[in-house]
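Visitor: Hi! Could you walk me through this model? I'd like to start with one of the helices.
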Amino acid sequence: VDLAGSERVEDGVYHHTADRLQEMKAINYSLGCLQECVRAKVAGKTEFVPYRRCKLTLLLRDALEGEDVQLLAVCHVCPTRRHLAASTRTLEFAASMCSVSRATKERGGFRGVDKWTTKELQKFIAGLDDGKLAYAAPLFGNLNGKKMAIEWTGHVEQRVVAAGGTREDALRIFDAFHDRRRAETKKATKKASATRAKA
């Protein structure tokens, strides 16, 4: 898919017609929406990816979905001084996409509950004590497993109490998560030791 390029109105204000300026705005908006969708999809911070914000991302939805999807972005830059600003913006856009990819690779090294997405964390909380703590699950909509692992007890308590829950409920959620995390870490360590012993 040829995405054209990000353009500034100032660059062509004396050379472009009104229709051309509208086209430039649409191109820039589409590129921004694509970047937002890629960030949301690859970073795994949320289960909602805003594909419907523009036609480009809606058309590319099938190409962006799936766990094994690989994206290749070819960015064209010009070595001349005249196009330095445009080339810099292009490289900054590419760098932002690469940073998302690095975050994905880092998550690949996580184990157990640290790999949980926001949805998985909320499902775990909702299932505690036969669903008695389900009311608190939506309060953790901006956390995933890794973030929950470093969340302070007091912050968990603030979330729960603000929703009308109790300190005991907050501690139950915190302790249950970390008990599960410790158990999985112990299991993984034991498995690794057994593997090394066999080798």
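Guide: Happy to. The buried residues of H5 are Thr-118, Leu-121, Gln-122, Phe-124 and Ile-125. Buried means under 20% relative accessible area, exposed over 50% and partly exposed in between, with a 1.4 Å probe and protein chains only. Helices (H or I, at least four residues) and strands (E, at least two) are DSSP runs, numbered from the N terminus.

Visitor: Where do the buried residues of H5 fall, seen down its axis?
Guide: They fall within an arc of 155°, so they line one face of the helix. The arc is taken over the directions from the helix axis to the C-beta atoms.

Visitor: And which exposed residues are on the face turned away from that buried side?
Guide: Lys-119 and Lys-123.

Visitor: What do the buried residues of H5 pack against?
Guide: Against H6 and H8. A contact here is heavy atoms within 4.5 Å.

Visitor: Before I go on, what are the ground rules for these values?
Guide: This is a predicted model, where local features need pLDDT of at least 70 and side-chain atom pairs count only at pLDDT 80 or more, while totals for chains, interfaces and linings use all residues. Residues are numbered from 1 along each chain as its sequence is written, and side-chain values use heavy atoms, with hydrogens and water left out.

Visitor: Thanks. Which residues touch the most other members of the largest nonpolar core?
Guide: That core has 20 residues, and the ones touching the most other members are Leu-121, Phe-124, Ile-125, Phe-140, Met-148, Ile-173 and Phe-177. Helices H5 (118-126), H6 (145-149), H7 (153-162) and H8 (167-198) each supply at least two of its residues, and H8 gives the largest share, 5 residues. A nonpolar core is a set of buried Ala, Val, Leu, Ile, Met, Phe, Trp, Tyr and Cys residues joined through side-chain atoms within 4.5 Å.

Visitor: What does Phe-124 touch, not counting residues up to four places away in sequence?
Guide: Phe-124 touches Trp-116, Ala-176, Phe-177 and Arg-180. Apart from the core we just discussed lies another, of 11 residues, among them Leu-34, Cys-37, Cys-54 and Leu-64.

Visitor: You mentioned aromatics there. How many aromatic pairs does a search of the whole structure find?
Guide: It finds 2. The rings of Trp-116 and Phe-124 have centres 5.1 Å apart and planes at 50°, so that pair is tilted. Rings of Phe, Tyr and Trp (its six-membered ring) pair if their centres lie within 6.5 Å; planes under 30 degrees apart count as stacked, over 60 as edge-to-face and the rest as tilted.

Visitor: Are those two residues buried or exposed?
Guide: Both are buried: Trp-116 has a relative accessible area of 13%, and Phe-124 has 15%.

Visitor: What about the rings of Trp-116 and Phe-177?
Guide: Their centres are 6.0 Å apart and their planes at 70°, so the pair is edge-to-face. The pair links distant parts of the chain, with Trp-116 in the loop between H4 and H5 and Phe-177 in helix H8, 61 residues apart. Phe-177 is buried, at a relative accessible area of 0%. Ring pairs link Trp-116, Phe-124 and Phe-177 into a cluster.

Visitor: Switching to cysteines: how many disulfides does a search of the whole structure find?
Guide: 0. A disulfide is a pair of cysteine sulfur atoms within 2.5 Å.

Visitor: Why is Cys-37 without a bond?
Guide: Because its closest cysteine sulfur, in Cys-33, is 6.7 Å away, too far for a bond. Cys-37 is buried, with a relative accessible area of 0%. The sulfur of Cys-54 also has its closest cysteine sulfur in Cys-33, at 4.1 Å, again too far for a bond. Cys-54 is buried as well, at 10%.

Visitor: Back to helices. Which residues of H7 are buried?
Guide: Gly-154, Val-156, Arg-159 and Val-160, and they pack against H6 and H8. Just after H7, Gly-164 takes a positive phi of about 95°.

Visitor: Last one: what does the secondary structure come to overall?
Guide: The protein has 8 helices and 0 strands. Buried residues make up 28% of its 199 residues.
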